[in-house]
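Subject: Structure for your review

Dear colleague,

Please find below the structure that I am handing over to you, together with its sequence. My notes on what was found in it follow.

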Amino acid sequence: MLENSYHSNHMRTSKYLLATTKETPSDAVVISHQLMLKAGLIRKLASGLYSWMPTGLRVLKKVSRIIQHEMDNAGALEVSMPVVQPAELWHESGRWEQMGSELQRFKDRHERDFCLGPTHEEVITDLVRNEISSYKQLPINLYQIQTKFRDERRPRFGVMRAREFVMKDAYSFHADQASLELTYELMYETYTKIFDRLGFTFRAVEADSGNIGGNRSHEFHVLADSGEDEIVFSSENDYAANMEMASAAAPADNKGASTQDKKLVATPDTSSIEDVCTLLHVRPEQTIKTLIVLGEKSGESAEGQNDQALIALILRGDHHLNEVKATKIPGIQSPLSFADEKQINAVLGCKPGSIGPVDMPEGIRIIADRDAANLADFVCGANQDGHHLTGVNWDKDCKVGEVADLRNVIEGDLSPDGKGKLSIKRGIEVGHIFQLGNKYSQAMGLSVLNENGKSIVPEMGCYGIGVTRIVAAAIEQCHDEKGIIWPDNIAPFHLALIPLNAHKSEQVSQLADKLYRDLTDAGVEVLYDDRDKKTSPGVKFADMELIGIPHRLVISERSLEQDKLEYKHRGDTDSQDIPLEGALDFLTNKILSVNA
């Protein structure tokens with residue numbers, strides 16, 4: 001049934017902080033940020049910090065209850081952990097230094113180091129190591145819905161990327177990998193149920209685990225043109241991944257035999273593939289670009305400098321490097337770091353725009369993308385400023401070295417299995433599930449006894465949902481020029497009740513009061529617009545459409561003369577007249593029969 005347990009006796013606009021506004025702040029770029037401010041859902045306190053107003057909080061609580069209900073149904077147990085966390089736990093996991101400036105650190109009055117929790121892997125692992133001692137107590141899945149803080153360098157898009165936000169984070173513990181797999185699949189199904197109930201069009205995609213660690217993960221994306229992330233899926237099968245993880249089918253070996261000899265050509269004042277193609281009248285896909293990145297540090301040289309190798313990554317001219325794929329290659333520094341112009345000039349004797357694989361100095365490891373390695377008669381830098389080589393061929397003129405998948409996929413690429421083509425859409429990440437393995441349990445000394453009395457290190461899973469982000473994502477996906485169009489299950493109110501000229505008509509006033517009482521008693525959440533005669537009908541209609549209330553009922557003397565009321569759904573173009581007799585049944589059936 002519809003989520004309708006949030007109840008209050010003061011849902012008349014005369015006693016409610018409606019807080020709608022016509023003004024759109026100049027710093028509100030995306031539509032969700034604009035509409036959340038205009039509809040009175042949030043108010044900015046400082047950069048990345050927002051107060052939730054009554055209307056916004058109603059939506060937020062409904063989202064939280066849907067998540068809570070499905071997590072409880074999946075057998076997870078709710079806990080609540082502190083926002084403030086001691087540094088000692090983060091030192092144990094090794095993330096005190098790794099997290100960088102996003103981790104808000106501070107000292108208490110005793111000069112002890114603490115941080116504001118951006119996530120709770122360390123705290124939950126500490127909790128479980130003190131409470132769980134036997135495999136018989138596993139598996140266990142603990143979750144919370146709680147405030148997090150990350151000191152974003154550039155907070156933007158309202159609550160979409162704020163510094164303080166509400167998150168549902170769950171952590172599971174298992175005696176073995178098989179048990180972790182079962183809970184992971186259960187959480188995948190649970191997340192699917194949650195986003196279905198929220199009324200979203202969404203996709204689950206394979207994802208990179210990032211600095212949280214682990215071997216397997218999926219992201220859940222709400223599809224929206226304004227999404228920050230690119231997600232990739234196949235036209236003919238279930239393959240789906242985010243751009244960081246997506247791969248196309250390996251190219252067929254069809255480069256053919258070379259038909260040209262390499263030739264040095266002058267390319268003055270060219271610093272990009274586009275410039276080279278224009279000058280030499282070639283297509284970008286017939287060129288290659290060479291990027292120089294840093295290898296892992298291997299100690300200090302005799303001169304006291306870091307001994308750090310340079311690595312050449314080679315891609316086709318029309319392709320873009322996928323940095324996540326590159327950093328997964330052994331020997332490449334993570335996070336990925338590009339060599340600067342001074343380093344490149346010292347080793348290669350040229351600027352970055354003139355690098356190529358021919359006569360590459362010894363000691364520079366060459367890794368070519370699969371598509372670049374499949375080219376013949378291609379154009380590349382000559383390792384001389386202002387010059388390129390044409391008619392270059394692998395083996396004949398230079399060595400490939402290693403071949404790897406280094407690039408971002410593009411629209412129309414073949415799916416990895418060769419069946420179907422890849423499409424790319426934009427999405428807003430609202431959920432992420434991980435198989436963490438034993439990264440945290442091992443580092444923090446969590447162990448239990450197995451059935452043989454032997455000490456084992458549990459496997460862990462982690463499952464997050466951005467609760468505040470969901471509210472913004474819903475608006476990005478569901479809005480029009482008039483305002484928000486909420487999915488029924490998370491709308492702040494089910495029905496806007498609008499009497500017209502009630503101050504002039506006792507009949508209108510009394511019927512509105514009665515319908516308000518009857519609908520509320522039936523479980524319908526009503527926002528009764530009883531604002532006085534100074535507020536025009538047009539303003540009332542505009543406010544209710546801006547807020548996005550799904551159903552609207554208008555009571556007027558004109559309609560009552562015909563024993564009718566005027567009903568309109570937020571998504572409809574026109575209103576309809578409904579009989580006064582039976583109006584209560586019509587509305588309750590229409591509103592409360594919506595499936596959760």
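Two strands are taken to pair if DSSP finds at least two bridges between them. The model is a predicted one, and the notes below should be read with that in mind.

Strands E28 to E30

Strand E28, covering residues 551–555, pairs with strand E29, residues 564–569, in the antiparallel sense, and four bridges hold this pairing. Within it, His551 has His569 of E29 as its bridge partner. E29 is also joined to strand E30, residues 576–579, again by four bridges and in an antiparallel arrangement. There, Tyr567 is bridged to Gln576 of E30. The connection from E29 to E30 is a hairpin of six residues.

Nonpolar cores

The largest nonpolar core comprises 51 residues, and Leu41, Val63, Phe195, Leu198, Ile470 and Trp486 are those with the most contacts inside it. Helix H11, residues 467–477, supplies the largest share of this core, namely seven residues. A second core, separate from this one, has 33 residues, including Leu495, Ile498, Val526 and Leu592. In soluble globular proteins, nonpolar side chains tend to be buried together.

Phe195 merits a closer look. Residues up to four places away in sequence aside, Phe195 touches Phe200, Phe202, Phe220, Val430, Gly431, Ile465 and Ile470.

Two further residues

Is Thr390 buried or exposed? The residue lies in strand E18, which spans residues 387–392. Thr390 has a relative accessible area of 17% and is therefore buried, since the cut-off for that class is under 20%. Apart from neighbours within four places in sequence, Thr390 is in contact with Asp261, Lys262, Lys263, Val265, Leu280, Phe378 and Val379.

Arg203 belongs to strand E9, residues 202–206. With a relative accessible area of 26%, Arg203 is partly exposed, because that class lies between the limits of 20% and 50%. Setting aside neighbours within four places in sequence, the contacts of Arg203 are Glu219, Phe220, His221, Leu223, Ile231, Phe233, Tyr239 and Ala240. Phe220 is thus found among the contacts of Arg203 and also among the residues touched by Phe195. Between Arg203 and Leu291, which are 88 residues apart along the chain, the C-alpha atoms are separated by 33 Å.

With kind regards

Terms used. Residues are numbered from 1 along each chain as its sequence is written. This is a predicted model: local features need pLDDT of at least 70, side-chain atom pairs count only at pLDDT 80 or more; totals for chains, interfaces and linings use all residues. Side-chain values use heavy atoms; hydrogens and water are left out. Helices (H or I, at least four residues) and strands (E, at least two) are DSSP runs, numbered from the N terminus. A nonpolar core is a set of buried Ala, Val, Leu, Ile, Met, Phe, Trp, Tyr and Cys residues joined through side-chain atoms within 4.5 Å. Buried means under 20% relative accessible area, exposed over 50%, partly exposed in between (1.4 Å probe, protein chains only). Contact means heavy atoms within 4.5 Å.
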